[in-house]
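Student: I would like to go through this structure and test the labels attached to it. Please set each value against its definition.

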Amino acid sequence: MTSYATSSAKAEMSELRRLKSLLPPELQSWVTVEGTTEVNPSLIRCEEIGKDQVEIQIDLIKWDALAMDQRNLLFWHEVARVQNDTIPKDGWEMAALAIGLGGAVGELWVQDGLLLVLAMALCGVSGWRLYQKNNGGKQVKELLDADEKAIALATRFGYSLPNAYKSLGSALKTLVENTPSKGQRSRYEARLSALKRSANKAKTKSRNEDSGF
């Protein structure tokens, strides 16, 4: 008799294979899909794990609670982030900032003006890069752009445009309802509001085209 653990593991592997098949052909050689092993992980995230290699990581326990169409559109959102090159990269900024600050303190002690300037310049560059990476407005725009491309990917894989919008909207609404973090919830709400506006524009455009305007 097959144990529950074995059945669960088979179901998870089957879902990962299914998601892999939803990758556009041009991404399949360098994007992998895996279940996350982190403690208290995000539902789904992607990260660069090596040169020309990206991994989409999924919390399969939370994932299993979503409907199939919801999963597909959330997955394509992450795929869109890969295509848009907006995934987190291995950050050098914090290390550079620490080196720069350490160097600045050291040069103040030995009073070497040129090295102090170089250390402060390193602090400035790394600090600016960290600000850009953590800028809230920029992050939200990247998420909205990825949602739009996820809709396009869904139509590429056979969804009608209304069903693509409906599926992603339903997924975002579910995440809003089930997310305790106020900051994360506000990002889902912003994405849901933008998606509704985009869907209304698409509906109006379709009506105008059907009526010959």
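Tutor: We take the overall layout, then a helix pair, then single residues.

Tutor: Two ground rules come before that. This is a predicted model, where local features need pLDDT of at least 70, side-chain atom pairs count only at pLDDT 80 or more, and totals for chains, interfaces and linings use all residues. Residues are numbered from 1 along each chain as its sequence is written, and side-chain values use heavy atoms, with hydrogens and water left out.

Student: How many helices and strands does the protein have?

Tutor: There are 8 helices and 3 strands. Helices (H or I, at least four residues) and strands (E, at least two) are DSSP runs, numbered from the N terminus. Along the sequence the pattern reads α-β-β-β-α-α-α-α-α-α-α.

Student: What makes H3 and H7 roughly perpendicular?

Tutor: Helix H3 (residues 68-83) packs on helix H7 (residues 161-178) at about 90°, with the axes 8 Å apart. Angles under 35 degrees count as roughly parallel, over 145 as roughly antiparallel, 65 to 115 as roughly perpendicular, and the rest as oblique. The angle of about 90° therefore makes H3 roughly perpendicular to H7. The axes are lines fitted to C-alpha atoms, for helices over the stretch in contact, and angles run from 0 to 180 degrees between N-to-C directions.

Student: Which residues of H3 make the contact with H7?

Tutor: Asp69, Gln70, Leu73 and Leu74 do so from H3. On H7, the contact includes Ala164, Leu168 and Thr174. Contact means heavy atoms within 4.5 Å. The contact residues divide into 6 nonpolar, 4 polar and 1 charged. Here Ala, Val, Leu, Ile, Met, Phe, Trp, Tyr, Cys and Pro count as nonpolar, Asp, Glu, Lys and Arg as charged, and the others, Gly among them, as polar.

Student: Why is Arg191 called buried?

Tutor: Its relative accessible area is 6%. Buried means under 20%, exposed over 50%, and partly exposed in between (1.4 Å probe, protein chains only). So Arg191 is buried. Arg191 is found in helix H8 (residues 182-210). Leaving aside neighbours within four places in sequence, Arg191 is in contact with Leu74, His77, Leu143, Leu144, Asp147 and Leu172.

Student: Lys196 is in helix H8 as well. Why is Lys196 called exposed?

Tutor: Lys196 has a relative accessible area of 52%, so it passes as exposed. The C-alpha atoms of Lys196 and Tyr165 are separated by 8.2 Å, with their positions 31 residues apart along the chain.

Student: How do you know that Val31 is buried?

Tutor: Val31 has 1% relative accessibility, so it counts as buried. Val31 lies in strand S1. Its C-alpha atom is separated by 4.8 Å from that of Val54, 23 residues apart along the chain.

Student: What makes Asn40 exposed?

Tutor: Asn40 has 68% relative accessibility, so it counts as exposed. Asn40 sits in the loop between strand S1 (31-35) and strand S2 (44-50). Its phi is near 50°, a positive value in a residue other than glycine.

Student: Why is Asp85 called exposed?

Tutor: Asp85 has a relative accessible area of 53%, so the label exposed applies. Asp85 lies in the loop between H3 and helix H4 (93-110). Its phi is about 55°, positive although Asp85 is not a glycine.
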